[in-house]
Amino acid sequence: MKKSTRMIIGFLLLALLFLAVWLIERAMGTNSMVITVLKKGAVYALIAVSMNLLNGFTGLFSLGQAGFMLVGAYTYAVFTIPMAKRMAVYQYYQGGIIQFEIPFFLAILLAGVVAALFAALIGMPVLRLKSDYLAIATLGFAEIIRAIIQYDKLGPITNGSNLLKTYPTFTTVLFPFVVSAVCIGIILLLIHSTYGRAFKAIRDDEIAAEAMGINLFRHKQLAFVVSSFFAGVGGALLAMYQGTVQANAFKSAMTYEILLIVVIGGMGSVSGSVMASFLFIACSEWWMRFLDSELMIGTFKVPLLRSGFRMVVFSILIMLVVLFYRRGIMGDRELSFDMFRRRKGVASK
Amino acid sequence: MSHVLRLENITMQFGGVVAINDLSMHIDQGEIVALIGPNGAGKTTAFNCITGVYEPTNGAVYFNDQCIVRNQPTGRMKKLYAGDNRTPCEGPRIAMTPDKITKLGIARTFQNIRLFKSQSAFENVLIGMHLRRTSNPFSATFRLNLQEEKQMRQQAMELLEIVGLGAFAYEKATSLPYGQQRRLEIARALATQPRLLLLDEPAAGMNPQETDELGEFIVRIKDDFKLTVFLIEHHMNLVMDISDRIYVIDFGRQIAHGSPAQVQDDPEVIRAYLGEEEA
Ligand SMILES: Nc1ncnc2c1ncn2[C@@H]1O[C@H](COP(=O)(O)OP(=O)(O)OP(=O)(O)O)[C@@H](O)[C@H]1O
Ligand SMILES: [Mg+2]
């Protein structure tokens with residue numbers, strides 16, 4: 001098949017998927033469980049892919065994703081709360097000091113830009129060091145930014161440790177789908193450009209990459225900033241999904257959740273990250289919910305089922321994946337037509 | 001007097017261990033110069049000093065009269081310094097990173113092959129072309145550099161054909177046999193458009209026939225690409241066949257230098273090699 005026909009078919013399939021999602025929303029209602037999962041899955045897909053760009057494609061072990069999402073989510077919320085509602089939201093801070101609002105799409109972009117700026121600042125000292133320090137430094141950043149945002153003196157901007165709310169949210173499931181698809185598309189284009197090849201070279205062998213004339217620091221910085229930009233955008237989308245934002249929710253557990261998605265999907269596979277996101281969100285929000293509630297069959301109380309048990313099962317699943325299925329669903333391959341054809345061939349035998 | 005490469009009193013110490021001791025050498029345009037010596041003599045370390053992987057303890061390296069590396073013992077190295085040359089190298093410290101040095105026009109291959117293992121042979125060569133790009137991240141992402149990308153792909157394919165790997169372009173680099181991996185490393189190095197090519201044991205693991213072919217190949221690419229070649233090799237036949245001059249080092253010191261014929265008969269060289277065999 002020619003490359004151009006493949007692209008056309010790919011876009012048609014994507015359009016078909018969007019249509020299906022839209023029809024489901026029509027049929028089931030915006031607040032149904034399926035749609036909730038699809039919304040959050042789309043948001044997490046973008047965030048997971050942005051993390052994969054760093055961890056899977058450039059070989060930089062960063063644990064700052066929740067921090068950059070937090071920055072993105074707050075940037076979005078702070079600038080989009082309608083003027084009329086600011087007094088109520090910032091009730092402890094006399095309506096806050098930001099007395100204007102910007103259109104929501106600009107705010108989403110701004111969320112990415114601010115997160116990218118933070119990344120550029122942190123990256124400067126850290127990316128020159130060995131990769132191990134990056135994990136510690138980014139984890140530290142995420143924790144510190146969470147504390148700073150809740151700092152009372154910053155309250156007029158961030159609302160301290162209180163909720164931000166009443167900003168524009170999703171009206172349709174298609175919104176996160178389209179934004180995520182566009183962003184992931186851009187990341188894919190980057191990965192398949194000459195810069196993406198340089199990222200993979202750095203991941204495979206830093207010494208050889210440097211001997212090929214690749215400036216390690218500049219390329220790591222680029223991957224880090226781009227990844228954080230999209231984590232920021234993802235944070236803004238998450239804020240829209242949730243309807244309210246509070247810094248306290250962006251704990252390092254959130255980063256681990258995303259890291260888990262990346263590992264399950266396959267380090268270095270964009271389509272793997274996307275599939276794993278929907279799978280993960282469906283499990284945690286829906287299919288495994290029953291584990292958290294007590295269940296009586298007749299007079300028999302099913303053992304173990306109680307609040308918190310879901311996390312236990314989850315942890316065990318994670319361990320199983322890491323122990324026996326380290327390459328994840330996709331390894332470092334991508335979902336493609338060729339692969340599909342081969343699959344079919346095998347199935348028809 | 002202009003040389004392509006000039007090493008001035010290079011001493012490289014790892015702590016107290018002197019891996020290279022007061023080494024000076026020069027290479028002229030269009031030459032093939034070999035660096036030989038017993039195992040552990042410091043040959044690879046010399047390459048690493050030239051390419052910026054290691055920073056020498058003392059001495060300077062010039063490439064086309066531009067200083068790319070210069071250092072003198074400082075701090076705790078002042079006390080530890082054990083080079084034969086006692087005068088510290090004059091001038092401010094210069095420590096170019098390997099990528100800058102490659103950009104200036106020095107490319108290398110590695111003794112313990114370092115291909116990008118998750119990538120195809122073709123992609124390995126493409127990565128070698130990245131440093132000559134004119135695109136920026138934005139134009140590359142949004143495909144505003146189609147012309148350049150096409151050119152890169154075309155040149156990468158040509159290079160693969162030149163090293164005889166055209167048929168294996170889409171094979172995973174590490175799935176190729178040893179000899180072909182070494183050729184692929186050369187293709188990748190050529191992709192950076194070097195003026196000076198450093199080859200670290202390019203014939204290691206090759207049989208006699210492959211080694212002969214490699215010799216002819218090195219001479220051919222030297223002429224076709226107007227290169228200067230600096231070569232580390234243990235296969236003496238290959239070295240004697242293609243080298244214009246040979247430097248022999250042992251325990252980090254130069255023990256002989258001259259044409260293949262001169263070096264072959266040098267008593268110091270014979271002693272170094274025989275001594276190694278006796279041990
Ligand atoms: N990073 C390092 N740290 C400490 N010692 C080193 C380091 N690199 C090299 N050496 C030492 O320097 C000496 C020279 O090593 P080098 O690899 O340059 O030898 P060589 O001439 O290339 O040998 P071979 O023919 O086996 O490749 C050896 O004694 C080695 O142990
Ligand atoms: Mg060596």
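I will talk about chain B as a whole and then about one arginine within it, B:R108.

Please keep in mind that what we have here is a predicted model. Chain B is built from 11 helices and 11 strands, and its C-alpha atoms fill a box of roughly 55 × 45 × 35 Å along the principal axes. For 279 residues, a compact globule would be expected to have a radius of gyration near 19 Å, and the 20 Å found for chain B agrees with that. Of those 279 residues, 55% count as buried, and if we take the contacts in chain B with a separation of 6 or more, 70% of them come from residues 24 or more positions apart.

As for the surface, chain B exposes about 12400 Å², of which carbon and sulfur atoms supply 51%. The chain carries 29 positive and 34 negative side chains, with the centres of the two sets lying 11 Å apart.

Let me now turn to B:R108, which sits in strand β7, residues 106–108 of chain B. Is this arginine buried or exposed? Its relative accessibility is 3%, and because the cut-off for buried is under 20%, B:R108 counts as buried.

Beyond its neighbours within four places in sequence, B:R108 is in contact with A:A211 from chain A and, in chain B, with residues including B:F47, B:V53, B:A189, B:L198 and B:D200. Two further partners deserve separate mention: the side chain of B:N48 makes a polar contact of 2.7 Å with that of B:R108, and the side chain of B:T51 is joined to B:R108 by a polar contact of 3.3 Å.

How values were computed. Residues are numbered from 1 along each chain as its sequence is written. Chains are lettered from A and ligands numbered from 1 in the order in which they are written. This is a predicted model: local features need pLDDT of at least 70, side-chain atom pairs count only at pLDDT 80 or more; totals for chains, interfaces and linings use all residues. Side-chain values use heavy atoms; hydrogens and water are left out. Helices (H or I, at least four residues) and strands (E, at least two) are DSSP runs, numbered from the N terminus. The radius of gyration is taken over C-alpha atoms; the globule rule is 2.2 Å times the number of residues to the power 0.38. Buried means under 20% relative accessible area, exposed over 50%, partly exposed in between (1.4 Å probe, protein chains only). Contact means heavy atoms within 4.5 Å. Accessible areas come from the Shrake-Rupley method with a 1.4 Å probe; for residues, only the protein chains shown count as cover. Lys and Arg count as positive and Asp and Glu as negative; His and the chain ends are not counted. The place of a charge is taken as NZ of Lys, CZ of Arg, CG of Asp or CD of Glu. A polar contact is a pair of N or O atoms within 3.5 Å; within protein, one must be able to donate a hydrogen and the other to accept it, and residues adjacent in sequence count only if both atoms are side-chain atoms.
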